[in-house]
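Visitor: Could you take me closely through a single part of this model, the second of the chains, and explain how its strands, helices and nonpolar interior are arranged?

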Amino acid sequence: MIDELRLERVIDAPPHVVFETFLTDDGQAAFYGQDDPGWVLESNCDLRVGGIWTITFGSSHDRLYRHRHIFRVIDPPRRLVLATTESRPDGSSFDFTIEFTFGPQDGRTLMTVTQSGFPTEELREEHGRGVPNAFARLARIIQARA
Amino acid sequence: MHRSVQHNVTLDRTFFALSDPTRRSILERLARGPATIGQLAEPFGLTLNGVKKHVGILETVDLVITAKVGRARECRLGPAQLDDATGWIELYRRAWEGRLDRFGAYVEERR
């Protein structure tokens, strides 16, 4: 059963470097940036548990996405958990949880990004919008249909 | 512009339809073959009306189609627009992969 979207990458630097870099303005800009000319990126980060990091990005001012993250866990240099709302240019939005982990691997770092859906069914029903906890559900149905 | 909005409404409805565990179980059951409303109700301990409601939601996004067979209503998997939904997820996954790659390259360049 796949209940989440998980991505990983080995980065050639130790975990504390990767973790600290991720929380700098430039690191966040690298994460959300693009080489496209005219790419819009505005970030405002209050780095503390319960703090809000808002980042707006997109190919132009009329095609902007926004991630509003609330820091749930800050555990240097191992783990970050964010409660996130993604707002899209079409006006839709949805909530999900993002967990970043930074594991040591022979002097390098295995960085993982895991996204999962709404924390509770109730909350999702209450919000009644967007693309709730989509990945797994869809994967499971597609597997069942195959 | 209008098309894009329409597209997203369908996508939202599809994801909403998939967001409920009972509805997913109904789809998993139908993936093994058609079933009547009564047959679907049994394993879930649901009333016929409860199942009808769930099937109705799945029907609006073509995940399920129903037809009257004798006195019963038979349900089977529909022609659903799962291509749109899977396409959306694929784009989403690629966007996050790109972020991870760019960030990794940035950290490595700084060293």
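Guide: Two strands are taken to pair if DSSP finds at least two bridges between them, and with that in mind the strands of chain B make a convenient place to begin, bearing in mind throughout that this is a predicted model.

Strand β1 of chain B, residues 35-36, pairs with strand β3 of chain B, residues 72-77, in the antiparallel sense and over 2 bridges; within this pairing, Thr36(B) has Glu74(B) in β3(B) as its bridge partner. β3(B) is also joined by 6 bridges to strand β2 of chain B, residues 64-69, and these two strands again run antiparallel. Here Lys68(B) stands opposite Arg73(B) of β3(B). β2(B) and β3(B) together form a hairpin with 2 residues between them, and in its turn Gly70(B) has a positive phi of about 60°.

From the strands one can pass to the interior through Leu63(B), which, leaving aside its neighbours within four places in sequence, is in contact with Ala17(B), Leu27(B), Leu58(B), Gly78(B) and Ala80(B). Leu63(B) also belongs to the largest nonpolar core, a set of 17 residues in which it is listed, together with Ala17(B), Ile26(B), Val55(B), Leu58(B) and Val64(B), among those with the most contacts inside the core. Three helices of chain B, namely α1 (2-18), α2 (21-31) and α4 (48-60), each supply at least two residues of this core, and α1(B) gives the most to it, with 5 residues. As a general background, nonpolar side chains in soluble globular proteins tend to be buried together.

Of these helices, α2(B) deserves a separate look, since the question of which way its buried residues point can be settled from the model. The buried residues of α2(B) are Arg23(B), Arg24(B), Ile26(B), Leu27(B) and Leu30(B), a list in which two arginines stand beside the nonpolar residues. Seen down the axis of α2(B), these buried residues fall within an arc of 155°, so they line one face of the helix. Two of them have already appeared above: Ile26(B) in the list of core residues with the most contacts, and Leu27(B) as a contact of Leu63(B). After α2(B) comes Gly33(B), whose phi is positive, near 145°.

Technical notes: Residues numbered from 1 in each chain as written. Chains lettered and ligands numbered in written order. Predicted model: local features only at pLDDT ≥ 70, side-chain atom pairs only at ≥ 80, totals over all residues. Core = buried A, V, L, I, M, F, W, Y, C linked by C-beta atoms within 7 Å. Buried ≥ 20, exposed ≤ 12 C-beta atoms within 10 Å, placed from the backbone. Helix = DSSP H or I, 4+ residues; strand = E, 2+ residues; numbered from the N terminus. Contact = placed C-beta atoms within 7 Å. Arc of directions from axis to C-beta.
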